[in-house]
Amino acid sequence: MSKFSTTLMTATMAGILSTSAIAADYNFKFQSSDPAGDKNFQVQKEWTKRVETMTGGRVHIELLPVGSIFKHTETLDGIKMGILDGHITATEFFSGKDPAFGLIGNTVGAWSNTQQLLQYVNYGGGYELMNELYAPYGVKFIGGSTTGVESLVSRVPLDSVADLKGLKLRAPEGLVQRVFAAAGAAPVNLPGSEVFTGLSKGVIDAADYTVFSTNQKAGMNDIATHPVQPGFHSLPLIDISMNKKKWDKLPADIQSILTVSVRDFAEDMTTQLRIADQAAVKAAQADPNITIHDWSAEERKKFRAIARTQWEEFAKSSDNAQKVYDSITTYLEANGLL
């Protein structure tokens, strides 16, 4: 072997060892609230790969699917205990710890599109408020994303608030159920895994489940042939957060990279799901058995007015919930969104 080849090999091996050593200092374990086969999880995995590339291999994030170590409602505890380094999850899952998480995590009826929510998070005070709410748990809110305004799947035509009266509707517990109950529906507790069966057997008439494309892929619209799209009710905050002590130990450049990467992730997530929704709507429109219902601006306004009464009630649940209510309504009013 030539002297040049030996020198090159030595330099290469040194570089590999150096990169590995540096990466070993920043190996993190995050848990997602999504299953491994879900499109959301795949987009999240792509984010972890970009972070590794952007940091020159200094940061490696192992992303685990929902339930791998903790239940989806317990990852905040997992991070506080240091068993998990971070999570990618829906903030509303922690409403049992403080109603504030339920209110900021899914302000039912507040947001008409993804950009409105992301602008509030990034530029309207949401980022600072999330870090304040997470401080007692030793957790750093890196940044927020969302999915898309969720569609309703329904076995019966729904064209107005009046059509919700008496409707057996699957909805998550908490603020979502409160709003639909106030609108006249009869909310039903049902796990997400039982929504398809519940619809097919007539246990429920409709369901607040997820975005149109996911519903379509799961065959929901084939058995509940009157979906409401675009949605008007649920737009969850998806947060990427990590252990605050471990965040504080990161170099400033890596903190900046992570912060910017989450904003890129939000754009990636919402764009990919919007494209998927557009394709799914087109497919559904071509199916003579499916009728898509698009609520008028007037009916959407009626629903928001009902929802706002429940935000006010929910805000009374804790001091932090009141802070969230004041922050969001101030932002909505200042931007002409109420």
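Colleague: What makes strands 2, 1, 3, 9 and 4 a sheet, and which kind of pairing do they show?

Modeller: The five strands form an open sheet in the order 2-1-3-9-4, with mixed pairing. A strand here is a DSSP run of E with at least two residues, numbered from the N terminus, as helices are (H or I, at least four residues). Two strands count as paired if DSSP finds at least two bridges between them. This is a predicted model, in which local features need pLDDT of at least 70, side-chain atom pairs count only at pLDDT 80 or more, and totals for chains, interfaces and linings use all residues. Residues are numbered from 1 along each chain as its sequence is written, and side-chain values use heavy atoms, with hydrogens and water left out.

Colleague: How do you know that strand 1 and strand 2 pair, and in which sense?

Modeller: Strand 1 (residues 27-32) and strand 2 are joined by five bridges in the parallel sense, and the requirement is at least two, so they count as paired. Within this pair, N27 stands opposite H60 in strand 2.

Colleague: Why is one side of strand 2 and of strand 4 left without a neighbour in the sheet?

Modeller: Strand 2 (60-64) and strand 4 (139-145) are at the edges and each has a single partner strand, so one side of each has no neighbour in the sheet. From one strand to the next, the twist averages 20 degrees.

Colleague: Which strands does helix 6 lie across?

Modeller: Helix 6 (residues 126-134) lies across strand 3 (86-90), strand 4 and strand 9 (238-243). Its direction is about 145 degrees to that of strand 4, on a scale from 0 to 180 degrees between N-to-C directions of lines fitted to C-alpha atoms, for helices over the stretch in contact (heavy atoms within 4.5 Å).

Colleague: What makes a space a pocket, and how many residues line the largest pocket?

Modeller: On a 1 Å grid over the protein atoms alone, a pocket is an open set of points with protein on both sides within 12 Å along at least five of seven lines, whereas a cavity is a set where a 1.4 Å probe fits but cannot get out. Lining residues have an atom within 4 Å of a point; the largest pocket has 48 of them, with S33, D34, F93, R170 and Y209 nearest its centre. The largest pocket holds about 1,500 Å³ of space.

Colleague: Which residues of the second largest pocket lie nearest its centre?

Modeller: They are G148, V149, Q229, R274 and D277, among 15 lining residues. Helix 12 contributes the most to this lining, with five residues.

How values were computed. Grid points are joined across faces, edges and corners, and a volume is the space filled by probe spheres set on the points.
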